[in-house]
Every structure is written in C-alpha cells, then in structure tokens.
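Trainee: Could you walk me through reading a structure, one feature at a time? I would like the general idea and then the case at hand.

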Amino acid sequence: MGVKVYIHKTQQQFTEGQSVVDVHGDTVEDCLKTLVRRFPQMKGALFDNKGNLSNTIEIYVNLQNVYPDELTTGVKDGDKIHITILIAGG
C-alpha cells in the first residue's frame with residue numbers, strides 16, 4: 001500500500017505532472033528521500049544546500065502539521081503526506 005505524498009501544484013513540474021506519488025518509508029524523511037530518488041529535481045525543491053528541509057516547505061501528515069519534527073515523524077501504510085509551500089509577500 002505505502003504512503004501517498006501529495007505534491008504542491010508548483011512542484012508538479014518536477015514529478016512529471018503527478019499530484020500524488022506513492023512511496024514507502026518509516027518516517028517522513030524516508031518517504032521524501034524515496035520521492036527524490038524517483039524525481040531528482042525534487043531535491044532542490046524540498047531541501048536546502050545543507051540537506052535540511054527548506055524553510056519554505058511545510059509538511060502535514062494526515063492533515064496534521066508535524067512542525068518542528070517534520071523529517072522524524074513516523075508514518076505507516078495508508079498515511080498521507082502533504083507538501084505545502086509557505087508564501088510571503090506584501
């Protein structure tokens with residue numbers, strides 16, 4: 001079954017237009033790394049140059065915000081990870 005990762009519309013250009021990608025992993029980090037292996041361009045969209053989650057990315061698991069433990073949050077088959085983009089402006 002795996003975990004479904006819901007891709008933000010602005011990042012679907014890196015997933016061949018897919019809005020949902022099935023992955024496997026025990027944590028959010030495992031799942032995102034699986035996503036990056038499949039779609040290497042997602043690395044720059046999700047992580048900074050030190051390998052940390054970008055400060056413009058917010059992660060939800062089963063529609064619950066998991067900040068500040070995004071990457072270490074455990075997941076199981078059937079869970080849903082939503083990637084959202086924080087937008088600022090004035």
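Mentor: Gladly! Let's begin with salt bridges: the term covers a side-chain nitrogen of Lys or Arg within 4 Å of a carboxyl oxygen of Asp or Glu. Keep in mind that this is a predicted model.

Trainee: How many salt bridges does the structure hold?

Mentor: Side chains of opposite charge can pair when their charged atoms come close. Here there are 3 salt bridges. One of them joins Lys33 to Glu29, with the closest N and O atoms 3.5 Å apart. These two are 4 residues apart in helix H1, so about one helical turn separates them. Lys33 is partly exposed at 44% relative accessible area, and Glu29 is also partly exposed, at 27%.

Trainee: Which residue forms a salt bridge with Lys4?

Mentor: Asp22 does, and the closest N and O atoms are 2.9 Å apart. Lys4 sits in strand E1 and Asp22 in strand E2, so this pair ties together parts that are 18 residues apart in sequence. Then there is Lys76 with Asp79, at 3.3 Å between the closest N and O atoms. In that pair Lys76 is exposed, at 54% relative accessibility, whereas Asp79 is buried, at 6%.

Trainee: Now the sheet. What is the order of its strands?

Mentor: Strands of a sheet pair through backbone hydrogen bonds, either parallel or antiparallel. This open sheet of 5 strands has the order E2-E1-E5-E3-E4, and its pairing is mixed. E2 and E4 stand at the edges with a single partner strand each, so one side of each has no neighbour in the sheet. E1 and E2 run antiparallel, joined by 4 bridges, while E1 and E5 pair in the parallel sense over 3 bridges.

Trainee: Which side chains of E2 are buried, and which are not?

Mentor: In a regular strand the side chains alternate between the two faces of the sheet. Along E2, Val21 and Val23 point to one face and are buried, but Val20 and Asp22 point to the other and are not.

Trainee: And which residues have the most contacts inside the largest nonpolar core?

Mentor: In soluble globular proteins, nonpolar side chains tend to be buried together. The largest nonpolar core here has 24 residues, and Leu35 and Met42 are among those with the most contacts inside it, as are Leu32, Leu46, Ile59, Ile81 and Ile83. H1 gives the largest share of this core, 5 residues. That helix lies across E1, E2, E3 and E5, at about 110° to E2. Beyond its neighbours within four places in sequence, Leu35 is in contact with residues including Val21, Val23 and Met42.

Definitions and conventions
Residues are numbered from 1 along each chain as its sequence is written. This is a predicted model: local features need pLDDT of at least 70, side-chain atom pairs count only at pLDDT 80 or more; totals for chains, interfaces and linings use all residues. Side-chain values use heavy atoms; hydrogens and water are left out. Two strands pair if DSSP finds at least two bridges between them. Contact means heavy atoms within 4.5 Å. Axes are lines fitted to C-alpha atoms, for helices over the stretch in contact, and angles run from 0 to 180 degrees between N-to-C directions. Buried means under 20% relative accessible area, exposed over 50%, partly exposed in between (1.4 Å probe, protein chains only). A nonpolar core is a set of buried Ala, Val, Leu, Ile, Met, Phe, Trp, Tyr and Cys residues joined through side-chain atoms within 4.5 Å.
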